[in-house]
Amino acid sequence: MRLLHTSDWHLGRSFHGVGMLDAQRDFVDQLVDAVTRHGVDVVLIAGDVYDRALPGVDVVRLLDDALVRLTSAGAQVVLTSGNHDSAIRLGFASRLLERGGVHLRTRLEGLAEPLVLPLEPGAGAGSAVLAVYGIPWLEPRLVADQLGVETASHFEVTRAAAELVRTDIQRRSEESPVHSVVLAHTFASGGISSDSERDLSIGGVGAVPLDLFDAFTYTALGHLHGRQELSNSVRYSGSPLAYSFSEANHRKGAWLVDIGPDGLEGVKEVTWTAPRTLAVLRGRLEDLLASKEFGWAEAAYCQVTLTDAQRPVRAMDRLRARFPDTLVLGFDPEGGPSGTSATYSSRLADAPDDLAVCCGFLSHVRGREADEAEQAALAAALENVRLQEVSR
């Protein structure tokens, strides 16, 4: 049995204000091609299928198209809900979709209801089977009572859910050998996070230990956006596209998982090609504009940090003349803002008049002193205010 482990599609997400639906359609094309080319039997989606609980119509249509194409290519689909999804909405019509090969695991009641597939085609009763379970994103405060957990923490509710799965595996093992695959949307110890994963709750969330998954043949994790191997049988597939500049160096892809009558036979990587690359650039404005070294970034989405001692005039406009898709611009001047270590409050306290206060604020927020024309405009504005006060 061959499975393709994916997660964190985040359909409908934007990238610093740029819509990504076309890029996500391109990913779906690559996914369907991989299913056909590699003979995938089951596609796993370990949560965060959508980016929001209320996705747009075009986003829902894209998922619908993806599921139709995957099942038409001969694969069944098992998906769980993540913290970005609405479990109730995503799980709508689950019993009906099951008939078409799409298995939604978004409810607590479905924790011990696996998709069961024979590992030896044509074999009779008592032959090894594959059981695929889904542990959706579990909000501790909402599910602790239902799971019989006293402490509402991610560790406790995940442990309780995993125990329900283990109990079902043991029960089924009395009839035939069972190899299990578990989808779980959670933060497991050893996983490396990136900026595009939003906090699961205020203050962050503690990781669940890997030994929670020891009883399973393979654990397909979702939530972290970098593809990574925590152990041979516990892995994150990561997101199919980069959703923050911190993921610029990620090698996006998925895991091909082969499971036979004797258990896990092997795991191989599948890579996705992004329609646009990401560039994280740093340096003085003139150097970035002139150097041939950065030619490759002209067609990329760019995050630029300028290190000029003073903030250049019209920096974004000038950058976009060479790098049209500069999406993020930051400043980290060499030697500190304007070459001084004085705090804004101390400089404000030393200002001799209102004009100095205004010019000091302008310098503080943009990292460049007011020029003569700006000083004249500020002086005229202050004079107008003074005259209005006098006339009252």
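User: What makes the confidence of this model, and how is it scored?

Analyst: This is a predicted model, in which local features need pLDDT of at least 70, side-chain atom pairs count only at pLDDT 80 or more, and totals for chains, interfaces and linings use all residues. Residues are numbered from 1 along each chain as its sequence is written, and side-chain values use heavy atoms, with hydrogens and water left out. The score, pLDDT, is the predictor's confidence in each residue, from 0 to 100. The protein averages 90, and 90% of the residues score at least 70. Over residues 197-204, though, the pLDDT is below 50, and residues 337-341 are also below 50. Where pLDDT is low, the predicted coordinates should not be read in detail.

User: Why is the pairing of Arg37 with Asp33 called a salt bridge?

Analyst: A salt bridge is a side-chain nitrogen of Lys or Arg within 4 Å of a carboxyl oxygen of Asp or Glu. In this pair the closest N and O atoms are 3.0 Å apart, so the definition is met. Both residues sit in helix H1, 4 residues apart, about one turn of the helix. Helices here are DSSP runs (H or I, at least four residues), and strands are runs of E, at least two, all numbered from the N terminus.

User: Why is Arg37 called exposed, and what is Asp33 called?

Analyst: Buried means under 20% relative accessible area, exposed over 50%, and partly exposed in between (1.4 Å probe, protein chains only). Arg37 has 52%, so it counts as exposed. Asp33 has 39%, so it is partly exposed.

User: How do you know whether Glu298 and Arg322 form a salt bridge, and is Arg322 buried or exposed?

Analyst: Their N to O distance is 2.9 Å, which means the cut-off is satisfied. The pair links distant parts of the chain, 24 residues apart: Glu298 lies in the loop between helix H7 and strand S16, Arg322 in helix H8. Arg322, at 15%, is buried, while Glu298, at 36%, is partly exposed.

User: What makes a group of residues a nonpolar core, and which members of the largest one touch the most others?

Analyst: A nonpolar core is a set of buried Ala, Val, Leu, Ile, Met, Phe, Trp, Tyr and Cys residues joined through side-chain atoms within 4.5 Å. The largest has 31 residues, and Leu4, Trp9, Val43, Leu63, Leu70, Leu79 and Trp272 touch the most other members. Helix H1 gives the largest share, 7 residues.

Note on methods
Contact means heavy atoms within 4.5 Å.
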